[in-house]
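Me: I'm new to this one and would love a close look at what goes on in its interior. Could you take me there step by step, starting from the whole?

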Amino acid sequence: QSRDAASLDPLACQIATTCQRISMVYPRLINYDKDRPEDAYGDTREKQGWVTERWEFSADGKKLTFHLKKGIKYQNLPPVNGRELTSDDVKFSIWRYKTHPTSTFKARYDAIESIDTPDKYTVVFNLSKPTAYVLFALAAEPSFITPPEIEKQYGDFKQVLVGPGPFIHEKTVQGEGSFFKRNPDYFDANTIYLDRVVFKVVTDSATRLAAMRAGQAAFGHDL
């Protein structure tokens, strides 16, 4: 990466390197379809996220309901300890991005008036008006689903990263990078083909390019 991550908190996702690292661990409800070139540039054609069974708008367009997959579990690490991801996690996360004093993304969630969780696997976004923009907001940074236990125990998400994703955060060293290992308990573990992923900070573009050419890196920023 050409620059270091600001922190491991989704609220710091105005810096792309933060989003890229935490996406190894945290999911979103929906994602852009990266197989569609137009979606990579902020189009509103989203595809289902891997924690989502399905989603639909109400007839009047003022309720957006997501149905979560059952059995999606967090990594068996404190303070979450392998529990199941639920609708309460979604509500906590999105409401945090909408209301947190340091959030620079508040305006993206303006149309969301409230969030209901009628059961463990159902999330209802109550909207002030019909709008497709809410889909863009939920697919874009920083709409990662995070467990409230981390904030409760540590006060924020800046240094602790525990989610249900395909990789486990091993460590982050400021100025050096972040290190991840394969999560053997990931719900779709057979689709994960890498044992480790390292995000290394290399500020000089010529050095990044040389590492790519030498086979020392699989991907480089700003080349």
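Reply: Let's agree on one word before we start: a contact means heavy atoms within 4.5 Å. With that in hand, take the contacts in the protein with a separation of 6 or more: 54% of them are between residues 24 or more positions apart. Keep in mind that this is a predicted model.

Now the overall layout. The protein has five helices and nine strands, and reading from the N terminus they come in the order α-β-β-β-β-α-β-β-α-α-β-β-β-α. The radius of gyration is 18 Å, close to the 17 Å that the globule rule gives for 223 residues, so the protein is as compact as a globular protein of that length. Along the principal axes, its C-alpha atoms fill a box of roughly 55 × 40 × 35 Å.

On to the inside. A residue counts as buried when its relative accessible area is under 20%, and 49% of the 223 residues qualify. The largest nonpolar core has 52 residues, and those touching the most other members are Tyr26, Val90, Ile94, Ile112, Phe125, Leu138 and Phe180. Several elements each supply at least two residues of this core, among them α1 (16-22), β4 (63-68), α2 (87-99), β5 (112-119), β6 (122-127) and β9 (196-200). The helix that gives the most is α3, with six residues.

Let's zoom in on Ile112, one of those well-connected members. Leaving out residues up to four places away in sequence, Ile112 touches Ile94, Trp95, Lys98, Phe125, Asn126, Leu127 and Val134. Two of these partners, Ile94 and Phe125, are also on the list of core residues that touch the most other members.

For a contrast, try Lys69, which sits in the loop between β4 and α2. Buried means under 20% and exposed means over 50%, so Lys69, at 22% relative accessibility, counts as partly exposed. Again leaving out residues up to four places away in sequence, Lys69 touches Trp50, Val51, Thr52, Glu53, Tyr121 and Phe187. Thr86 is 17 residues from Lys69 in sequence, and their C-alpha atoms are 9.0 Å apart.

Finally, a look at the outside. The accessible surface comes to about 11300 Å², and 50% of that belongs to carbon and sulfur atoms. As for charge, there are 30 positive and 29 negative side chains, and the centres of the two sets lie 2 Å apart.

Technical notes: Residues are numbered from 1 along each chain as its sequence is written. This is a predicted model: local features need pLDDT of at least 70, side-chain atom pairs count only at pLDDT 80 or more; totals for chains, interfaces and linings use all residues. Side-chain values use heavy atoms; hydrogens and water are left out. Helices (H or I, at least four residues) and strands (E, at least two) are DSSP runs, numbered from the N terminus. The radius of gyration is taken over C-alpha atoms; the globule rule is 2.2 Å times the number of residues to the power 0.38. Buried means under 20% relative accessible area, exposed over 50%, partly exposed in between (1.4 Å probe, protein chains only). Accessible areas come from the Shrake-Rupley method with a 1.4 Å probe; for residues, only the protein chains shown count as cover. Lys and Arg count as positive and Asp and Glu as negative; His and the chain ends are not counted. The place of a charge is taken as NZ of Lys, CZ of Arg, CG of Asp or CD of Glu. A nonpolar core is a set of buried Ala, Val, Leu, Ile, Met, Phe, Trp, Tyr and Cys residues joined through side-chain atoms within 4.5 Å.
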